[in-house]
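Morning, everyone. I have one structure to walk you through, so let's put it up.

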Amino acid sequence: MKRIGILLGILAGLALIVMLVPKQTEKISGQSEKMLESVFPSIVKDELSKVEIVQPKGNVTLTNTEGVWEVTLDGNVYGADERNLDRLLESMGQIRVDRLVSHTAEKHDIYEVTNTKGATVTFYGKDGGKLMSIVVGKLGPDLNTSYVRHAGESEVYVIDGALRPILEREPKLWRDRTFARINPDDVHEIRVEKKGNDPLVISRDTPETGAWRIKEPDGYNPSPTTGQLCDNVARQLASMVASDLPPRSSEETMGFDKPAGIVIVTEFNGKQTRLTFGKNNDKSQTYARRSDNDTVYLIQSWMAERLLPDVDTLKPQKVE
């Protein structure tokens, strides 16, 4: 009898949990799969003129200007990080509406789809007209679904995909954080001026693997390992994305008054890019900037160190 009493107590507890947790496991009657699929129409990037995001951490406006996406933050216009926009649109394109969970506005607070708790994203077409505006609430219990409603409407749906984390990122992270984007096949010469070291210049006349030579200092021939390491340096220049865009401070604070290193990249067409590296902060990040703009970047320190090799790191063969 004691075991039966315990079992009945457990069943009663489970029943109470089921009653308290918002139901997601059953579709509301009358909602056909075809009807649910038509609730959120597909969004095509090339057909957009603007995307507005309103969320608790701050508002973001993304604008398509002749195919170039820009972001407006605090009245300033910057290049946008299109990868974030692509992730958002990819998630929107994969939306599958699983069920309608509420018809009434009284449940909006539970699902965090109110105007104050939710993240609202609005898409505008080429003619400036509004294509769709949705309020994205909290994640579902499995963390891979989201509660969503159309702005101005009461119905709340459960959709596949975790949209909230994409929309809730800090506004500044919608800026283009690309520190360097140089095609490794275009790199002709790399000059490294590392604090405390003599200048190191590695060069090649053709983009073939292993064509590198040590131009400075004199007296070294590249080994197979040298060529491979030089190729790795060139490949790293293909896509270096900053982890943060810090506010500007003094040259001394950032370390640009006495740089830890300077890398000058010359391409076969003669174009030069100058990368300057300053101090490290307490998060193993290095202050960095490019010569073609005044933006300050924080990149992972290990990335800076790889771009600042010395002769010993390249393991060349010394000429006797």
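Start with a pair. Glu189 has a bridge partner in strand 16, and that partner is Thr266. Keep in mind that this is a predicted model.

Now widen the view. Glu189's contact belongs to a longer pairing: strand 11, residues 187–194, and strand 16 are joined by seven bridges, in the antiparallel sense.

What about the other neighbour? Strand 16, residues 261–267, is also joined to strand 17, residues 272–280. That pairing is antiparallel too, with six bridges. Two positions to find on screen. Ile262 has Thr276 as its bridge partner in strand 17. Val265 stands opposite Thr273 in that strand.

Next, the turn. Four residues sit between the strands in the hairpin of strand 16 and strand 17. Look at Gly270 there: its phi is positive, near 95°.

Is strand 16 mostly covered or mostly open? Mostly covered: seven of its seven residues are buried. Take the faces one by one. On one side you have Gly261, Val263, Val265 and Glu267, all buried. On the other, Ile262, Ile264 and Thr266, buried as well. In a regular strand, side chains alternate between the two faces of the sheet. So both faces of strand 16 are covered.

Last, the whole sheet. It is open, with seven strands, and the pairing is antiparallel. The order reads 13-12-11-16-17-18-19. Which strands are at the edges? Strand 13, 213–216, and strand 19, 297–300; each pairs on one side only. From one strand to the next, the twist averages 25°.

That's the tour. Over to you.

Terms used: Residues are numbered from 1 along each chain as its sequence is written. This is a predicted model: local features need pLDDT of at least 70, side-chain atom pairs count only at pLDDT 80 or more; totals for chains, interfaces and linings use all residues. Side-chain values use heavy atoms; hydrogens and water are left out. Two strands pair if DSSP finds at least two bridges between them. Helices (H or I, at least four residues) and strands (E, at least two) are DSSP runs, numbered from the N terminus. Axes are lines fitted to C-alpha atoms, for helices over the stretch in contact, and angles run from 0 to 180 degrees between N-to-C directions. Buried means under 20% relative accessible area, exposed over 50%, partly exposed in between (1.4 Å probe, protein chains only).
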